[in-house]
Amino acid sequence: LKDTHFQKFLKKNFNKINFELSEKKFFNNNIKKIISNIIFIIKILFLKSKVRKKKFMEKKNIVLIDMFVIKSMISKDNFFNRYYSELVNTVDEKFKKKIFFLPIFFNNSLNMQSIKKIEKNINFILQSDLLNITHYMKIIINLLKLYFFKVRSIKFEKYILDDLINHEIKITSFLHSTLISQLNYYLFKQAKNKKADIIVGIDWFENQTVDKTFNYSFNKFFPKAKLKGYLGINSVLEANNFLIPTNNEKKFHLLPKEFHLINKKNKDFFKRIYKNNQIKISPAYRNQEIFNYIKNNKRFNKKFTILVIFTASRNDVVNLINSLNLLSDKLLQKINFIFRFHKNASSSHFIKLIKKNIKFKIESKKKIYENLLNCDCVVCRPGTIYYEAKIFNVPIILTRRLFGILPVNKQKLMNNGFCHDYLEIEKRIRVLIKKRNNIKKINQNSAYNYFSKINYDNRNNLVS
């Protein structure tokens, strides 16, 4: 543990539990976050466009879709829509003109070159296109109010959580996601005031801060329009239950009116909050290429090959590398690794942390399905790769995200290779080497269950 506030809370309330305190103390640099936010606001102000605004305001029956824009989506020559490219490619030209994207930029992806490349591919609206200087002043005041806001008398069972929650408010008040949330709120307010004709809103749902405010703002300012949540990531909900909506989120209008899933087997998780007719299956737009690979056969490696999938979180990557570094030298002699880093992460920094006797190669340009055809095992966090590996009949070593909570159904995931620490990882690798899986066939039926293929009906489910 690094956070001293959390340390104090645990010491006070759980004094019978032993836990380790990190020598590296948690340091929250709000000044750095504030500077970053100011830079972002200045950039977005300069990228304001009257042409985009006019096009957006004059269009009828708009379908507005939010979308993250990360640096890897912008190449020297082009823009690749890693979230919805298949959607854009499968609708007719007349309907395509109704689709406007609301991009969520980061400082490293927001610049004039990015804007120009995106404009060549899709219609979009930038928050600054509709906002004026007064809105930015209100946003700054709101962020300061949030920082100094304090809750009182918040209890969970016998525990008083005031200090912990107030500390959390202070360290998150100036996060980029908080700024984006404010920008989106005032965008929707202005769109309503200026009578923008939005009939459908689609939220790329990950239940983050930006999702909650997108849904809250849309519900508030466009109550008669259709608001849809699209869970386009195929996450393991037993382990990532923060993705499952709650009654409180529904009560405070932080959720869409209906949900669109790509995995038919996930419907049961949403039935607690939504009626059957509010839960629909839509295409897995990011995963359509899997259907080009499921008729192939797996390849055999002379040496046991492990594919390691890293997340976008720097701390999480370091944590997983540390676990691999602790594997015994004797075991490492029997293994080759394929390391696949997240597209928004720089691998050069992490390579220096890898123990020298770990034999590995880095692959980021190949399709993930090529990697799955060439490996004997996958080490991963509980994300989409979990289902992809099951389809390709590749054994899984499922590990918990750094700071992630334990799975709801721990036993089920343990049967599927859930490992808590490096000792369990080592034990499972030894078992897998001994009982090496030579199954060459790919489970095609599972592919259609876990990833919905595009057809006319399910495509219309989402956009109409």
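Student: In this predicted model, in which handedness of crossing does α2 pass α10?
Tutor: Helix α2 covers residues 30–46, and α2 and α10 pack at an angle of about 35°, with their axes 10 Å apart. As for the sense in which α2 passes α10, the crossing is right-handed.

Student: What is the make-up by class of the contact of α2 with α10, and how many charged residues does that contact have?
Tutor: From α2 the contact takes N37, F40, I41 and I44, while α10 supplies H176, L179, I180 and L183. By class, six of these residues are nonpolar and two are polar, and the number of charged residues in the contact of α2 with α10 is none.

Student: Are α8 and α10 parallel or oblique to each other?
Tutor: The axes of helix α8, residues 133–148, and α10 come within 10 Å and cross at roughly 135°. Angles over 145 degrees would count as roughly antiparallel, and 65 to 115 as roughly perpendicular. The crossing of roughly 135° lies in neither range, and the relation of α8 to α10 is therefore oblique.

Student: Which residues of α10 meet α8, and into which classes do the residues of that contact divide?
Tutor: On the α8 side the contact involves H135, Y136, K138, I139, N142, L143 and L146, and these meet T178, L179, Q182, L183, Y186 and Q190 in α10. Taken together, the residues of the contact of α8 with α10 divide into seven nonpolar, five polar and one charged.

Student: How are α10 and α11 oriented relative to each other, roughly parallel or roughly antiparallel?
Tutor: Helix α10, residues 176–193, packs with helix α11, residues 209–221, at an angle of about 15°, and their axes are 9 Å apart. Because angles under 35 degrees count as roughly parallel, α10 and α11 are roughly parallel.

Student: How many charged residues does the contact of α10 with α11 have?
Tutor: The α10 side of this contact consists of S177, I180, S181, Y185, F188, K189 and K192, and among the residues given by α11 are T209, V210, F214, K220 and F221. The class count for the contact of α10 with α11 is eight nonpolar and five polar residues, and the charged residues number three.

Student: Which element gives the largest share of the lining of the second largest pocket?
Tutor: The second largest pocket has a volume of about 230 Å³, and its lining includes H5, K8, F9, K158, Y159 and D163. The elements giving two or more residues to this lining are β4 (159–160), α9 (162–172) and α1 (4–13). The largest share, five residues, comes from α1.

Conventions:
Residues numbered from 1 in each chain as written. Predicted model: local features only at pLDDT ≥ 70, side-chain atom pairs only at ≥ 80, totals over all residues. Heavy atoms only, no water. Axes fitted to C-alpha atoms, helices over the stretch in contact; angles between N-to-C directions. Helix = DSSP H or I, 4+ residues; strand = E, 2+ residues; numbered from the N terminus. Contact = heavy atoms within 4.5 Å. Nonpolar A, V, L, I, M, F, W, Y, C, P; charged D, E, K, R; others polar. 1 Å grid on protein atoms, 1.4 Å probe; cavity = no way out; pocket = protein on both sides within 12 Å on 5 of 7 lines; lining within 4 Å. Points joined across faces, edges and corners; volume = space filled by probe spheres on them. Left-handed = near helix turned anticlockwise from the far one by under 90°.
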